[in-house]
Amino acid sequence: MTWTEFNYLAPPAVGLWWLSAAAVMRGRRRLAEAALLAGLAVFTVFVAAFWRDLGRPPMRTMGETRLWYSLFLSGAGYLAYRRWPYPWLLAFSALLASVFAIINLLKPEIHSQALMPALQSVYFIPHVTVYMLAYALLGVAAMAGLVQLRRLKRGQADPELYAFLDNVVYVGFGFLMLGLLSGAAWAKEAWGHYWSWDPKETWALVTASAYLLYIHMRLKDIRPRLTLGLLSLALLLLMITWLGVSYLPSAQGSVHVYS
Amino acid sequence: MESYPEKMWRFPCSYRENLLIVAALMLGGLAAQLVIGPFDYFFLHYPVNVVLGALILLLALLGRPFSRAPLFRWLGSVPWAVSLILGLMVLSLIMGLTPRLLHLPPEPDFFLRLGLAQMTSCWPFVLIYLLILLSLALVTVRRLRFKRGGLLFFLNHGGLWLLMAAAGLGAADLRRHVMYVNEGQVEWRVYGENKEVLELPLAIRLDDFDLDFYSPKLALVDRHSGRPQPEGRPDWHQIDPGRVDGRLGQWEIRVLEYIHQAVPGEGGGYREIPMPASTPAAHVLARNLASGEIRQGWVLSGNRYVPLSLLALDDNLVVAMTQPEPRRFSSKIKVYTREGQEREAALEVNHPLKIGPWMIYQYGYDQASGRLSPYSSFELVYDPWLLPVQAGLILLAAGALGLIWQGRRRRAAV
Ligand code: HEM
């Protein structure tokens, strides 16, 4: 199979993922799961046949890595949803998986766009995918944190919301740690050392520390407002780590800035 | 919130007190920095680092029978942990915002002498790091129990302790060198930090360096300014056997023939010969969308042996080829150790070689010469503490999976 067949197989997969997202938000959980898995199956068939016909793992171009994002996001998103049946989790995974498929459909020029040698690693795709799941969960945590903050200001925090909040932070932080650790393992293989205090790495540490502060401050009910506010600050730090580091004066010479 | 019996000695239990202590420690660290200069990792060389690690563990073990002692309760308390993590976060934030200096200038000003531009050897950082190690060790040992929930706590805190201890205390024993080897020669010397020549206990012979590149792109270039056109948002045509037709500005182009490794042939053409001196070549047909004019010719980015070739379209515009980007570069090497071990390997980025306690990485090559690079460079890393670091990584990864699986289990009331 080649990119030509992708034009016929990707649209049905995208359609199924959209159906899944729409269904889960309307409470049609069974349908949502079935549609997501069907989309995943169509996509898997394409990637497997593509791999076979290429005679090598499809991991060398931008377009090829986008395939794996779609595949992993829908797969990992499904597993995470099975464990934590939050509708938005499934919807997010399905929609983001479809975004990467659509990018491949609309921008065929990235199909052959070179991937620099350091990026050609087995750690690359899992590293990026777990971070995307972490972003989703921690983004939701920040929003829910703001809601709780408002309740708190009006008098009474909602214990149910706290339970939800802590849970989502623990799960999101788990994914964040997996991203950090796979990054370290990858750095060891590609650059000779697992941690070099590169700006991107340093910012990842700052972000992780902010979530650690939340996790540990929640163990004692002191300063609840500050604790909740931390979730917004931490999300901001996460965004800087992801998008902003390249613009910082400290990033000149960073090995992890890919223009 | 727990309440503490009044009769006990008080220990710092509010955030304010703990934060003040951390701030005081950091200021004290800065003062130490000004007086005695940066922390010298040389001091931590084996066996000092092992002794220090053992001392921390010993203190942590003492914390178990004496868990009610105020000192241990404090060092294992949540506000103390939070204050330390905040301290680390602030220091990392400074590190993340300011450029790092590798070497201090001979006459550093006051700010440089504070050492914040070389954070990892700055006293406040070293102090916080050590205190986090102590706190982690203490809570890990205190919470060691074979109960549900005990395992996840151990994976996260014990794993982080192992990782931080091995990476931080072990940093003194780490050695990293870059070695440049000319093709066909054997090298065992590297340059040290002060440009002195060091001899390593292993030698590398470079048998062959090879570089494979991606097929390049075509672009429309203004022959006067040399800039790609249209100005501001240039068009590129990625050469790809699957897509021969494309458009550059007002010109429709077709790649009639593409030779990945071309050398000049007879009669102005090119032929495929896989050899280092070859370069990619494209035979291009261009048609002006407005006037229908047609141009045809070879386009090459060229190298030292094969001259550049452009396709002239009009007085201003030419079609040019971008420099090919490396896809893979690899070195066939043979490694000899002092103990008489010999190993042959093909090194690539992301595919290092492990020989004894050394890891050898493909590092670079002469970028100006590309495939014709006369040398290849390797990074040699000696890290005797890699195994515990990897163990720590694995424990932490298991802990992360545990967090994902368990979430925060509801406790009675918070
Ligand atoms: C990967 C990093 C870390 C994770 C995922 C983590 C997670 C947690 C969790 C989930 C708890 C609550 C456990 C429970 O009550 O059952 C906890 C407690 C605690 N953590 Fe951490 N932590 C991390 C790093 C640290 C660090 C760096 C410190 C010290 C500086 C620390 C000190 C503490 C302390 C003192 C407690 C309270 C223990 C107790 O009440 O017995 N943790 N941590």
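**View 1. Polar contacts link chain A and chain B in this predicted model.** Across the interface, 12 residue pairs are in polar contact, both residues at pLDDT 80 or more. A polar contact is a pair of N or O atoms within 3.5 Å; within protein, one must be able to donate a hydrogen and the other to accept it, and residues adjacent in sequence count only if both atoms are side-chain atoms. On the side of chain A that touches chain B, H6(A) gives the most, with 18 residues. Helices are DSSP runs (H or I, at least four residues), numbered from the N terminus.

**View 2. A salt bridge joins B:Arg408 and A:Asp166.** Their closest N and O atoms are 2.9 Å apart. The rule finds 1 salt bridge across this interface, defined as a side-chain nitrogen of Lys or Arg within 4 Å of a carboxyl oxygen of Asp or Glu.

**View 3. The ligand lies between chains A and B.** It is surrounded by 22 residues, each with a heavy atom within 4 Å of the ligand. Polar side-chain atoms of B:Arg142 and B:Arg143 lie 3.1 Å and 2.8 Å, respectively, from an oxygen atom of the ligand. For B:His157, a polar side-chain atom lies 2.8 Å from a ligand nitrogen atom.

**Notes.** Residues are numbered from 1 along each chain as its sequence is written, chains are lettered from A and ligands numbered from 1 in the order in which they are written. In this predicted model local features need pLDDT of at least 70, side-chain atom pairs count only at pLDDT 80 or more, and totals for chains, interfaces and linings use all residues, while side-chain values use heavy atoms, leaving out hydrogens and water.

Key: Helix = DSSP H or I, 4+ residues; strand = E, 2+ residues; numbered from the N terminus.
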